[in-house]
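Colleague: I am new to this structure and would like a close look at a single part of it. Please take one helix and its surroundings, and then place that part in the rest of the chain.

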Amino acid sequence: MKEWEKELQIYRLMPAPPKENNLQKYILRYLSKKDDKYISWFLHYYERTINDKVMSIVQDYAMVGHFLDIKQAYIIGMLKALQDYDPNRGVPFIAYKEYAAMREVHEYIRTMRTGFTVQSNDEYLRLRKAMRLFREYGGKVDSVTIQKIAQVIGASEKDTAEIIRSGMQNMQFVDYYWQYADEDSEESREEIAADGTSEPDKLFFQLERAEAVMDAFENLNYRERAIVSAHLGFCMECYSTKYYDKNDLDVDGNPKLKSRPKEAFIDIAIDHGLASPDTADKTYRKALQKMKEKLKDV
């Protein structure tokens, strides 16, 4: 087996463990029995999805040779999320762990070296801003575009060109990866809100946008977060738009996965003891404005 193949299959078990239709069952068994084998079984069937995520990041950030390190960072974040995970909240672990996993990945990216050296959080933010402008200006690398970006981020045109090159360069390893990923496998592709997009620049901005919005949301106070999440229909802790309804079981006796309802302002006002629906509405709009102001700096 080639070295790059090993990196894609580090959690594969032989023989394959008993397969469940819902990966959540492995997590529930681990939490109830405290047996690490269930985490191993989970990773065996979830590894391909992790490979998909990590390979997109390798492409987006031009990080040749960093695939395994990023993959390990993602796993570390996932295991950290597991320490605080409470299934009674009705949020699938696959959704709950994503924020913690990606935070760990971005912390690794911030400290890595690849062409352009990212030595601090400020430089990392400058890299992200440069790539956002690069996208807005049509993805061009002509001198006029580089000059415009350089003026905004406060860097020389030479450094700006290097930043753009480091952010957008694709890697040959990707060809090998897709060759592997197209093969038949027992591994599951189950994912919450899975995205089949394969264009590196679009994937980059999906990651950037998601993290920026989550950071802006986390800067709101508790009541603002609760009202925004209730009105938009997502979990304020893990951002999932889905939940398991324990009062509605499928034919196998398992809770059905449903979309979170979007609450009206009158219901939010009652839940939070507010004077009127207008008060809830104003709090909601004020929170969105605070998020918009925060996002201007990204």
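Modeller: What follows starts with the chain as a whole, turns to one helix and the core it belongs to, and then moves on to other parts of the chain.

The model is a predicted one. Its chain has 298 residues, and 44% of them are buried. The secondary structure consists of 13 helices and four strands. Of the contacts between residues at least 6 apart in sequence, 65% link residues at least 24 apart. The chain has an accessible surface of about 15900 Å², and carbon and sulfur atoms account for 48% of that.

The part to look at is helix H5, which covers residues 93-111 and includes Lys-97. Is Lys-97 buried or exposed? Lys-97 counts as buried, because its relative accessibility is 0%, and the cut-off for buried is under 20%. Its side chain has polar partners. One polar contact, at 2.8 Å, goes to the side chain of Tyr-46. Another, at 2.6 Å, goes to the side chain of Glu-98. Ile-75 is 22 residues from Lys-97 in sequence, and the two C-alpha atoms are 9.7 Å apart in space.

H5 also takes part in the largest nonpolar core, which has 40 residues. The residues with the most contacts inside this core are Phe-42, Leu-43, Ile-70, Phe-93 and Val-105. The elements that each supply two or more residues to this core are helix H2 (24-33), helix H3 (37-60), helix H4 (67-84) and H5. H3 supplies the most, with 12 residues. Phe-93 shows how parts of the chain meet here. Leaving aside residues up to four places away in sequence, Phe-93 touches Gln-24, Ile-27, Phe-42, Met-78, Ala-81, Leu-82 and Tyr-85.

Apart from this core lies another, of 20 residues, which include Ile-227, Val-228, Phe-234 and Phe-265. Helix H11 spans residues 222-232, and its residues Glu-224, Arg-225, Ala-226, Ile-227, Val-228, Ser-229 and Ala-230 are buried. At the start of H11, a side-chain oxygen of Asn-221 comes to within 3.2 Å of the backbone nitrogen of Arg-223. After H11 comes Gly-233, with a positive phi near 80°.

Helix H7, residues 143-153, can be described in similar terms. Its buried residues are Thr-145, Ile-146, Ile-149, Ala-150 and Ile-153. Viewed down the axis of H7, these buried residues fall within an arc of 135°, so they line one face of the helix. Ser-143 and Gln-151, on the other side of H7, are exposed. As background to this pattern, an α-helix has 3.6 residues a turn, so residues three or four places apart point the same way. The N-terminal end of H7 is capped by Asp-142, which has a side-chain oxygen 3.2 Å from the backbone nitrogen of Val-144. Just after H7, Gly-154 has a positive phi of about 75°.

The last part is a pair of strands. Strand S3 (residues 242-249) and strand S4 (residues 255-259) run antiparallel and are joined by five bridges. Within this pairing, Asp-245 stands opposite Lys-256 in S4. The hairpin of S3 and S4 has five residues between the strands, and Gly-253 in this hairpin takes a positive phi near 85°.

Terms used:
Residues are numbered from 1 along each chain as its sequence is written. This is a predicted model: local features need pLDDT of at least 70, side-chain atom pairs count only at pLDDT 80 or more; totals for chains, interfaces and linings use all residues. Side-chain values use heavy atoms; hydrogens and water are left out. Buried means under 20% relative accessible area, exposed over 50%, partly exposed in between (1.4 Å probe, protein chains only). Contact means heavy atoms within 4.5 Å. Accessible areas come from the Shrake-Rupley method with a 1.4 Å probe; for residues, only the protein chains shown count as cover. A polar contact is a pair of N or O atoms within 3.5 Å; within protein, one must be able to donate a hydrogen and the other to accept it, and residues adjacent in sequence count only if both atoms are side-chain atoms. The arc is that of the directions from the helix axis to the C-beta atoms. Two strands pair if DSSP finds at least two bridges between them. A nonpolar core is a set of buried Ala, Val, Leu, Ile, Met, Phe, Trp, Tyr and Cys residues joined through side-chain atoms within 4.5 Å.
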